[in-house]
Every structure is written in C-alpha cells, then in structure tokens.
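Biologist: Could you give me a close look at a single part of this model, and tell me what it sits against?

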Amino acid sequence: MNEAKQHWDADVYRRHADFVPALGRPVLDLLAPKTGERILDLGCGDGTLSVEIAAAGAAVVGIDNSHSMVARAQSRGIDAHVADGQALGFEHEFDAVFSNAALHWMRDADAVLAGVVRALKPDGRFVGEFGGHGNVAAVKVALSAVLERRGTDPRAHLVWYFPTAEAYRERLEAHGFAVSTTELIPRPTPLPTDMAGWLDTFAGPMLSALPESERTAARDEAVALLAPALCDDRGRWTADYVRLRFAARLAQDEGQSAPAG
Ligand code: BEZ
C-alpha cells in the first residue's frame with residue numbers, strides 16, 4: 001500500500017476491506033507459486049495472500065509502505081518489510097513478483113516496473129491485479145464534487161493510477177516483459193460495512209486535502225451523492241470496482257540490462 005497521506009490501520013482495514021485479499025485469490029492461481037521459488041509480494045498489506053503463497057511452498061518476502069500492515073504480516077510469520085514499491089532495492093533474486101490491490105497507489109508506474117525488472121531473475125514472472133480504467137468512477141466523481149465545492153482542485157488529490165489494459169500492456173512491454181494477459185474485469189463489489197467506512201479506509205489522500213474540521217461533513221456529503229448509484233433499497237452498498245489483471249514474463253536477459261522508460 002502506498003502514497004503519502006493515506007494512513008493504513010490493519011484493524012480498520014480488516015473491518016472494512018477484508019474482501020480485498022479474498023477477491024485476490026484467483027490471481028494466486030495465475031501466479032501458480034511452486035515449492036522452492038522465491039517470491040516478492042509487492043504491497044503485501046496484512047500478509048493474507050503472502051501466507052497463501054508461502055503455503056504453496058515458496059519463500060515469500062513482502063514489502064509494504066505501511067508500518068501497521070507490515071507488523072500484521074510479520075505477526076503471521078511473513079518476512080515483511082516497510083519499503084516504497086516505487087524504489088525497490090532487490091537485485092535479480094526473485095522467481096516471481098506478485099501484487100494484489102496495491103499498484104494503483106503507486107503513481108510512478110515506470111519506477112515500479114524498473115524495480116520489478118531489477119528484482120527478477122532472468123525469465124522471472126510478474127503477476128498481479130489492481131484497479132483498472134473506470135475503477136471506482138462514481139466514487140471519484142463524488143469526491144471531486146465535494147472537494148470542488150470547498151474550493152479544492154480535486155485533480156491534485158485524486159492520486160490513484162487506473163490504466164487501461166492496452167496502456168499497461170505497452171508499459172510492461174517497454175520494460176522488456178513478454179505479456180500473456182492484461183484484462184479489465186468489471187467487479188461490482190458488495191461492501192462488508194458501508195460507503196462511509198470505505199471512504200474512511202481508502203480516501204485519505206482526497207479527504208485530507210481539506211481542513212480537518214470539514215472532513216466528516218465532506219465524507220457524508222460524498223456518501224449522500226453516491227447513495228442513489230451504489231446503495232440498494234435495503235441499505236447495502238456496492239463499490240464500482242474494475243480490476244486490471246495481468247501476467248507477464250521477463251524476456252531472458254532483460255533483468256540484466258538497463259530498463260526502458
Ligand atoms: C481498489 O482496490 O480498487 C481501490 C482501493 C482504494 C482506492 C481506490 C481503489
């Protein structure tokens with residue numbers, strides 16, 4: 001999990017967003033971890049999926065920029081470290097890099113990919129899923145409206161990176177990957193709590209652009225704007241998620257050469 005002004009608390013995350021790792025399980029199938037492999041979980045969060053990779057017999061290293069999340073992952077036995085995914089410091093040591101629901105927090109996608117290329121052994125694979133083009137579109141519109149009403153330009157604070165499948169494929173290829181899939185998957189996702197809980201968990205970079213005294217009112221206004229689109233007649237909320245799932249493999253000697261981009 002990345003990006004300044006986004007505060008992560010492992011307990012809050014578990015309450016409002018435990019569906020995130022649960023829905024990432026198909027990406028593990030795409031990763032197909034094997035016994036004896038060394039795998040980097042990039043943006044490992046609380047380590048829920050790292051544990052599953054380790055259960056397949058792989059040695060897992062997790063990195064995340066949240067101390068709270070890393071502490072939770074460590075408590076589950078994961079070799080997890082606080083680090084910025086945009087400045088990875090590994091040198092050709094992983095058979096695969098895996099990432100679920102984290103890359104949309106890392107705006108410098110070229111820096112991420114350069115670090116992944118460096119971290120992988122020749123022929124290593126990069127497999128993951130994150131928010132794709134159109135992800136949480138209604139939420140973005142509502143947050144833009146409440147920021148604009150308060151005289152704050154939303155463009156400076158909408159920090160998420162949600163590329164199209166074509167744009168991300170091109171980016172992977174520019175960094176020397178042979179891409180087997182990049183796919184946009186619309187995934188309306190029922191929330192375990194409600195939209196206020198989702199915004200409290202995920203919208204830190206936008207709401208913290210406002211003075212503290214205005215944040216709760218702004219959040220509640222966003223909730224009211226979103227209710228007609230995302231809340232049903234029984235009060236159940238669904239987030240308008242769109243995922244970008246990808247799998248790519250490093251061309252044989254790419255990991256040893258200077259990255260593109
Ligand atoms: C997501 O997982 O799609 C997401 C999480 C936080 C903010 C925006 C999107």
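Modeller: Sure, here's a walk around one helix, then the sheet. This is a predicted model, so local features need pLDDT of at least 70 and side-chain atom pairs count only at pLDDT 80 or more, while totals for chains, interfaces and linings use all residues. Residues are numbered from 1 along each chain as its sequence is written, and side-chain values use heavy atoms, with hydrogens and water left out.

Our part is helix 7, residues 137–149 (helices are DSSP runs of H or I, at least four residues, and strands are runs of E, at least two, numbered from the N terminus). Its 13 residues reach 18 Å from first C-alpha to last, close to the expected 18 Å (1.5 Å times one less than the number of residues). Just after helix 7, Gly151 has a positive phi of about 75°.

Which residues of helix 7 are buried? They're Val139, Ala142, Leu143, Ser144, Val146 and Leu147 (buried is under 20% relative accessible area, exposed over 50%, partly exposed in between, with a 1.4 Å probe and protein chains only). In general, residues three or four places apart point the same way, because an α-helix has 3.6 residues a turn. The buried residues pack against helix 9 (195–202), helix 10 (204–207), helix 11 (212–230) and strand 7 (238–250); contact means heavy atoms within 4.5 Å.

Strand 7 takes us to the sheet: 7 strands, open, mixed pairing, order 3-2-1-4-5-7-6. Strand 3 (79–82) and strand 6 (177–190) are the edges. Strand 7 pairs antiparallel with strand 5 (120–131) over 7 bridges (pairing takes at least two DSSP bridges), and its Leu244 stands opposite Phe130.
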